[in-house]
Every structure is written in structure tokens, then in C-alpha cells.
Amino acid sequence: LSGLSYLESLTLSNNEIENIDDDVFMGSSNLTEIDLGSNSIRLTPNLFKYTEKLTLIDLSMNNLDSIPDRLFHNLNNLRVLFLWGSNFTTINGSIFRDLASLRTLELSHCHIQYLPYDAFYSLKNLTAINLGMNEFETLPANTFAKSTLLETIKMENNPHLQSLPDYLFVNLKLLKTVGLKRCKLNFLPENLFAECTSLQNVSLGHNELKTIPENIFKDLSKLENLDLSDNDIQNLPEKVFHSLENLKRLNLANNKLTTIVSKLFFGLLSLEIINLSNNQLVSIQRYSFQRLTILKEIDLSHNYLVLKENFTTVSPFNDNLQLEKVDLSHNNITRISDDWIISKIHLREIDFSHNQIDNINFRYLITVSPRLQIDLSKNRIKVVNFTYSEKLARSQGNLNSYPADAPNTEVLLGENPVICDCHIFDFVRYLRRDIDPMVPSLVTVKADSLTCQSPDYLKGILVKDLELKMLTCELQQLENRKCPQNCSCIVRPWDKALIINCINASLTHVPELSSETSSIFNHTEIYLANNNITSGPTVYMGYENITVLDLSSNSIDGFQWVPPKLESLILENNNLSFLNFEVLDMLNRSMLKHIYLGRNPWDCNCETANFSQFLLTHLPQQQIDVKNIKCKQSRELLVQLDFKELCPNYRLLAVSVSVSVALMALLVAVLTIVYYRYELEIKVWLYAHNILLWWITEEEIDKDMQYDAFISYSHQDENFVTNDLVPNLEKGPQRYDLCIHIRDWIAGEFIPTQIVNSVEKSRRTIVILSPSFLSSCWGKMEFSTAHAKSVKDGRRRVIVIVYGDVDLEKDLNDELKAYIKTNTYVKWG
């Protein structure tokens with residue numbers, strides 16, 4: 001290198017150099033840095049004789065087994081020395097005696113087993129030393145006693161180092177970093193860091209420590225980072241951290257801690273990050289984190305925490321208002337505490353995955369944090385309750401006024417055993433965006449892979465693919481209401497329906513249903529197929545709100561009443577042969593959309609003509625299985641038979657009736673002539689034999705009647721009756737005693753009985769014939785009763801007042817039409 005006197009830095013690494021002459025650097029006296037690393041150099045004592053200005057020497061990875069005693073004899077300016085990757089088991093301290101200016105010494109990975117106590121005594125200006133990856137079993141007590149300017153000591157990866165001597169780092173007042181990771185330390189002396197008042201970083205992770213002396217950190221008021229992870233620590237003294245007022249990061253992960261006592265962290269007023277993951281924590285006392293007011297991150301994953309031990313609705317982190325990231329995954333937590341919602345405005349991420357949470361409510365997802373992600377994946381969530389989500393969302397404001405940067409919570413829900421029943425009805429609405437837009441503006445749920453765990457018929461289906469009508473619940477889950485015996489009852493919120501399933505229930509009659517109203521359903525579907533039922537429901541059996549009535553495959557031979565709200569009637573495969581006029585009339589006035597009457601033994605005769613006409617009339621508007629409605633004798637389709645085919649003897653019958661009527665008219669005429677010729681003699685004879693007593697005067701017959709008249713009317717005409725008719729009759733010039741049901745009937749008595757009694761006790765029955773009266777079954781019964789009594793008594797006891805718009809030709813049934821045609825009536829107004 002002669003002639004290179006200007007040379008300051010020389011790199012000869014990775015050249016497989018073995019020998020270097022002593023005078024090789026003779027002409028390079030200005031060298032300040034030499035890199036001879038990764039060679040196989042055999043060092044000689046005078047190698048650096050001519051390079052007194054050197055400040056850095058790299059002799060690493062030369063497989064050195066020793067260093068010549070006077071190698072560094074004249075290097076008073078040397079500041080950095082790299083000897084790592086050598087192969088000597090000890091060091092002679094004399095080799096460093098002339099390195100008074102040395103600042104950094106790298107001795108890692110050198111297989112050193114032993115150090116003399118005075119090995120570094122001459123290195124009084126040393127600031128950094130690395131003794132890692134050696135084979136120390138211990139160190140002399142005064143190893144660093146003379147190196148009082150040390151700032152960094154690294155001793156990681158010494159797999160045989162089990163203990164350290166007392167006061168090893170004593171009086172190193174400028175020491176800032178100590179690295180003791182991945183050793184075999186099982187004990188630390190309490191005075192290890194005595195007087196290390198500037199220490200900022202201590203790494204003791206991956207050792208075998210079972211506890212920490214209570215006062216080991218008492219002088220470390222400036223400590224900022226402490227790593228105690230991957231040890232066997234089972235408990236910690238309550239005051240072990242009390243002096244660490246400036247500590248920012250604490251790592252206690254992968255230990256065996258079972259509880260956090262309330263005052264363990266009281267002194268950590270500056271703590272920002274704490275890691276307690278992979279311990280055996282089962283409880284955290286209520287105020288353990290109370291004083292950590294600037295804590296930003298906490299990791300408690302992989303423990304056994306339930307967080308119920310404090311018997312409150314808030315977590316132990318209620319006072320940590322600066323939290324930004326929380327990991328509580330892989331624990332036994334069963335609920336989300338209230339404080340996560342109402343107080344953590346800075347929270348950005350909270351991980352509840354792999355816990356025991358079994359339900360989630362929308363109200364726990366509306367938080368004050370502007371952007372928060374909650375991971376609830378791989379829990380035991382069976383119910384995602386969005387029942388009041390729209391109401392809660394609207395309470396936050398309307399969509400138009402909701403700012404783009406307003407709070408929105410992102411929720412991860414994958415791999416949970418969701419029960420796909422009515423309890424997730426509103427959540428499925430949310431996934432289908434069939435909900436108030438304010439709800440997704442507040443909460444974003446990531447559930448693309450969420451599948452149904454039960455019921456069995458929905459297992460494996462993606463929740464987002466569910467149809468709303470698939471979601472049902474057992475009635476007993478929602479209301480304390482009995483289901484008919486041998487039947488099942490489910491509620492379907494999609495259309496607020498109660499579905500009663502009594503198929504194959506061995507029933508012999510239709511079950512009675514509760515008439516109580518409900519807030520969860522407003523109509524009922526009942527399925528009674530494949531039983532031994534012989535007749536349909538009647539008025540008082542609780543079927544008023546039935547919309548679907550399935551009585552197929554039974555033994556029904558009579559059907560007398562149609563529920564007023566019925567939309568689908570299934571009577572196929574029974575023993576029906578005939579439907580009377582009253583039933584057909586009810587079917588005409590019903591809300592039916594589907595009628596199934598096939599596979600019954602229908603009679604096809606004159607009486608069936610009305611039924612056939614009904615089918616033809618309603619076929620265009622309603623779904624009727626006319627292809628299955630056949631005559632039992634001929635198996636012909638009923639709707640294909642005309643009136644002549646149904647009633648082939650109609651003309652003969654008409655002639656016979658006409659002849660009979662003529663003969664009767666002739667007989668009546670003869671009797672009339674006889675009567676007027678012998679009127680007096682006939683009356684005397686009849687009176688003597690108590691026959692035809694209607695000839696007795698009416699006043700004499702009616703003298704024991706309680707009322708002058710019974711008013712028969714529909715409740716919809718009550719204002720007319722009570723305000724106009726009754727006052728004029730009871731308080732007019734001629735006063736009458738009247739019977740009206742709202743005043744004179746006995747409460748609780750059977751209605752038909754009261755009708756008969758009212759007619760029997762009244763001289764007349766006044767019928768208010770209105771459209772409402774014609775649609776009332778009770779009105780028709782009152783007229784029939786009064787008419788029957790009038791016929792029986794042979795007197796005109798019925799007075800008809802036509803009130804309102806009534807078509808006397810089309811609106812009346814046969815009995816009323818005949819009466820109106822043969823009797824006078826009063827037209828009101």
C-alpha cells in the first residue's frame with residue numbers, strides 16, 4: 001500500500017486473506033478505518049504499528065482464537081472495535097490497556113465462557129458493548145465497574161447464563177439500554193440496576209424468571225421500555241413498578257400470571273403500551289388500570305378472562321379514555337361492557353375474537369369513536385339483535401344531516417354459530433339493505449362468510465342469502481301462550497303470522513284457539529291436514545283472525561262457517577257432498593284468494609246448481625282447483641255441467657208445481673165462499689172447540705206483554721235508533737214501552753236466547769232494514785224469530801222500516817224478499 005499516504009478508509013473484507021505483512025500499512029499512516037472482516041487472517045503483534053490514527057477496526061468473522069497482546073499498543077484514537085464471530089473462550093484484559101478512547105466494543109458470537117474481572121478496566125470511555133451469543137455461565141461482579149460512561153450493554157442469547165452477580169450495573173449512571181434476552185436467567189439480584197438513574201430500555205425477555213424482586217427497578221425513574229416477556233413469572237410484587245413513572249412500554253407476554261392486583265400498575269402514569277398476552281389471567285381487579293390515563297394499546301389475548309368479577313357493567317378499562325387498540329381475543333369473555341361504547345372516543349381497534357360472546361345487540365355497536373373496528377369473529381354468537389336498530393339510528397339524526405366523518409363502527413362477525421330464527425330478522429333486513437339507511441351509516445357489518453348453524457333445514461346457508469320469510473321462532477320463545485295439544489306453533493315476523501301445525505296430530509275435532517290479541521302477530525295460519533276431523537270451526541272457537549285454514553285429508557262432511565279474514569281454504573280430500581246457500585253466501589263475501597275443494601264426493605243435482613254457479617263466477621278472480629271438483633257418480637267436472645244436466649226433471653217439476661198451485665187456489669176460493677156464506681156459524685163452532693183463537697181480540701191476547709215493541713237493528717245504525725226513533729216513540733204523544741238490546745238485555749246471557757225472549761215479550765218487532773242489517777247474522781236471526789212468531793200467532797207483528805240505500809230486489813234473501821212483497825213497510829227519509 002506504499003504511496004497511498006492519503007488513504008483514510010480501507011475495506012478488505014471477504015477476500016480469504018490469511019496473512020498480512022507487518023509493514024503492509026507502512027505508507028498509509030492516515031488510515032482511520034480498516035475493515036478486515038470475513039477473512040482468515042493470522043494476526044501479528046505489529047500489524048497496526050504504522051496506523052496510529054485508526055478510529056475503527058473490523059476484525060469480525062475471522063475465526064480468531066486469540067489476540068496478540070500488543071496488537072492495539074499504539075491505537076490511542078481507536079473508538080470502534082469489531083471482534084464478533086471469533087473463537088476464543090476468554091479474553092486477556094491486557095489487550096485493551098491502550099484503548100483509552102474506545103467507545104464501541106463488539107464481542108458477540110465469540111464463544112466466550114469466562115471473563116477476567118478486570119477485562120474492561122482500561123476501557124473507561126466505553127459507551128457500548130455487545131457480549132451477546134456467547135457461552136457465559138456468569139460474569140464477575142465488577143465487570144463494568146470502571147466503564148462508568150457505558151450507555152448500552154447487550155448480552156442477549158447467552159444460553160448458559162443463569163444468574164447475574166449483585167451490583168453488576170451499579171453506578172452506571174449514564175446507562176440507557178440493557179439487553180438480556182434469550183438467556184437462562186432464573187433469578188435477578190434486587191440491586192442489579194442500583195443507581196442506574198438514566199436507564200431507559202431493559203430487555204429481560206425469553207428467560208426463566210419466576211418472579212421479579214420488588215425493589216429491582218426502584219432507581220429507574222427514567223425507564224421507558226421494559227420487556228419481561230416469555231418467562232415463567234407467576235406473580236409480581238404489588239410495588240415492583242411503582243417507581244417507573246416514565247415507563248411507556250411494558251411487555252409481560254407469555255408468562256404465567258393468573259391475576260392483576262389492583263395496585264400493580266399504580267405508578268405507571270406514563271404507560272402507553274402494555275402486553276399481557278399468553279398468560280393465565282383469570283381475573284383483573286377493578287382498579288388495576290385506573291391510573292393509566294394515557295394508555296393507548298393493551299394486549300390481553302390468549303388468557304382466561306371473563307371480566308365479570310367486578311359485578312359492574314363497565315370493564316376494568318373504564319378510565320383509560322385514550323385507548324386506541326385493545327386485543328382481548330382468545331379469552332372467555334361473554335359480553336361487551338358499556339364503557340367501550342360511551343367513553344372510548346380514540347378507540348380504533350378492539351379484538352373480541354375467539355371468546356364466549358353468545359349474542360350481540362345493535363346498541364353495543366353505536367360508539368363515540370369516529371372509526372372503530374370490532375372483531376367478534378369465532379365467538380359463540382347465536383343472535384345478532386337489530387330489533388331496535390332503526391329507532392336507535394334515527395335518534396342519532398337523519399341521513400342528510402349526518403356528516404361523512406361521523407362515527408362508523410366496522411364489525412367482523414365471521415365464523416359464529418348463528419341461529420337463523422326470528423331473532424335475527426332485522427339483522428337479515430340490514431344485510432339485504434331493507435332497512436333505514438341510517439343504520440348502515442352507523443354500523444358496517446362484515447358477514448359475507450357468516451352461515452347458519454341451526455335450525456337443521458337452514459344449516460350451512462349464508463346468512464346474507466336468507467329470505468325473510470324463512471325466519472321463524474317457537475311461540476313459547478316469545479310469549480307465554482299455550483299451543484293446541486299435539487300441535488306446534490311458530491311465529492313468522494315477515495308477515496306477523498302465527499303458524500299452527502297440527503298435521504298428523506290424531507285430532508277428531510278442530511282445536512279451540514285463544515282469542516287474546518298479540519303484539520307479535522296479527523293473523524293465524526292453521527294446518528290440520530291428515531287427521532280424523534268431521535266438521536269445520538264455528539263462530540266461538542277463536543278463528544276470527546285465521547287467514548289460512550287447511551283441513552285437507554280429513555273426514556269432513558259438513559262445513560257451516562267461514563272465518564271472516566280467511567284468504568286460503570283447503571278442504572280437498574274430505575267427505576263433502578254439498579255446500580248450502582248460507583255457506584256459499586259467506587264465501588261470496590269473504591276475502592278468499594285460494595280455495596281447494598277437490599277430491600270430495602260432490603252431489604250433482606238441482607241443489608248443486610248454486611255451488612256450480614259460485615265456481616264459475618269466482619274462477620277468474622280466485623285460485624280454485626276446479627279440475628279436481630267432480631261428481632261422485634259420473635266423475636265429470638262439475639263446472640262443465642249446465643243447469644239442464646244438473647236438473648234434468650226441472651220442466652216436469654215446474655208443471656207439477658203449477659197444477660198443484662192451481663188446485664190449491666181453487667180450493668181456497670171454494671173455502672172462501674163457504675166462509676163468507678156461513679161466517680157466524682163457523683166462528684161459534686171454532687170458539688166452542690178452542691180452534692183458531694186468533695179471532696179473539698188482539699188486546700185480550702196481548703194484555704200480558706212486557707213491551708210494546710222490540711227494536712231489531714244493526715249496531716252501525718245505533719245513532720239513528722237512539723237519537724231519532726226511540727225518543728219519538730217513548731216520549732211522543734202516544735208513548736210506547738220499547739225493548740232495545742243495549743239497555744234491556746242481560747249481560748252475559750246467550751244471545752240467541754235473548755233474541756227469542758225479546759220477541760216473545762213484545763207486541764211488535766220493529767226491524768230497521770239497512771245495508772248494515774243485511775250483513776249482520778244476528779239481524780237476520782231476529783227477523784226470522786219475529787216472523788216465525790207472527791206466523792204462529794196469525795198476526796202482523798213485524799213492522800219494517802227501510803233505512804238507507806237498500807235494493808229490495810237484489811240485496812234481500814228469500815225470506816225478507818217474500819215478506820216485503822206481501823206486506824207494507826215504512827221508508828225512512
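## A salt bridge at R432

R432 has a relative accessibility of 38% and counts as partly exposed, because it falls between the limits of 20% for buried and 50% for exposed residues. The structure described here is a predicted model. The side chain of R432 forms a salt bridge with that of E467, with a distance of 3.7 Å from N to O. R432 belongs to the loop between α3 (425-431) and α4 (438-442), while E467 belongs to the loop between β24 (452-454) and β25 (473-474), so the salt bridge ties together parts of the chain that are 35 residues apart in sequence. E467 is partly exposed as well, and its relative accessible area is 35%.

The loop that holds E467 also contains P455, which lies between β24 and β25. The peptide bond between S454 and P455 is cis, with omega at about -5°. As a general background, most peptide bonds are trans.

## Further salt bridges

How many salt bridges does the structure hold? The total is 22. One of them joins K378 and E415, whose closest N and O atoms are 3.8 Å apart. This pair ties together parts that are 37 residues apart in sequence, because K378 is in the loop between β19 (371-375) and β20 (383-385), whereas E415 is in the loop between β21 (408-412) and β22 (418-419). The two partners fall into separate classes of accessibility: K378 is partly exposed at 35%, whereas E415 is exposed at 55%.

Another salt bridge is formed by R492 and D495, and here the closest N and O atoms are 2.8 Å apart. Is R492 buried or exposed? Its relative accessibility is 15%, so R492 counts as buried, since the limit for that class is under 20%. Its partner D495, at 23%, counts as partly exposed. Salt bridges can also be connected to one another, and E390, D426 and R429 are linked in such a network.

## Residues with positive phi

The backbone angle phi deserves separate attention. Most residues other than glycine have a negative phi. Which value does phi take in H206? For H206, phi is positive and near 60°, although the residue is not glycine. H206 is placed in the loop between β9 (201-203) and β10 (225-227). With a relative accessibility of 27%, H206 counts as partly exposed.

N486 is another residue, not a glycine, that has a positive phi, in this case near 70°. The position of N486 is in the loop between α5 (475-478) and β26 (488-492). At a relative accessibility of 55%, N486 counts as exposed.

## The surroundings of G536

G536 is located in the loop between β28 (523-527) and β29 (546-550). Its relative accessibility is 11%, and G536 therefore counts as buried. Which residues does G536 touch, if those up to four places away in sequence are not counted? They are V510, L551, G558 and F559.

The position of G536 can also be compared with that of S519. These two residues are 17 residues apart along the chain, and a distance of 28 Å separates their C-alpha atoms.

## The chain as a whole

The chain contains 17 helices and 37 strands. Its radius of gyration is 52 Å, whereas the globule rule gives 28 Å for 829 residues; the value for the chain is well over this figure, so the chain is more spread out than a compact globule. Along the principal axes, the C-alpha atoms fill a box of roughly 175 × 60 × 50 Å.

Of the 829 residues in the chain, 46% are buried; among them are R492 and G536. Contacts can be described by their separation in sequence. Considering the contacts with a separation of 6 or more, 59% are accounted for by residues 24 or more positions apart.

The chain has an accessible surface of about 41500 Å², and carbon and sulfur atoms contribute 50% of that area. There are 78 positive and 99 negative charges in the chain, and the mean positions of these two groups are 3 Å apart.

Conventions:
Residues numbered from 1 in each chain as written. Predicted model: local features only at pLDDT ≥ 70, side-chain atom pairs only at ≥ 80, totals over all residues. Heavy atoms only, no water. Salt bridge = Lys/Arg side-chain N within 4 Å of Asp/Glu carboxyl O. Helix = DSSP H or I, 4+ residues; strand = E, 2+ residues; numbered from the N terminus. Buried < 20%, exposed > 50% of the residue type's maximum accessible area, 1.4 Å probe, protein only. Rg over C-alpha atoms; globule rule 2.2 N^0.38 Å. Contact = heavy atoms within 4.5 Å. Areas by Shrake-Rupley, 256 points an atom, 1.4 Å probe, with all protein chains shown as cover. Lys, Arg positive; Asp, Glu negative; His and termini not counted. Charge placed at Lys NZ, Arg CZ, Asp CG, Glu CD.
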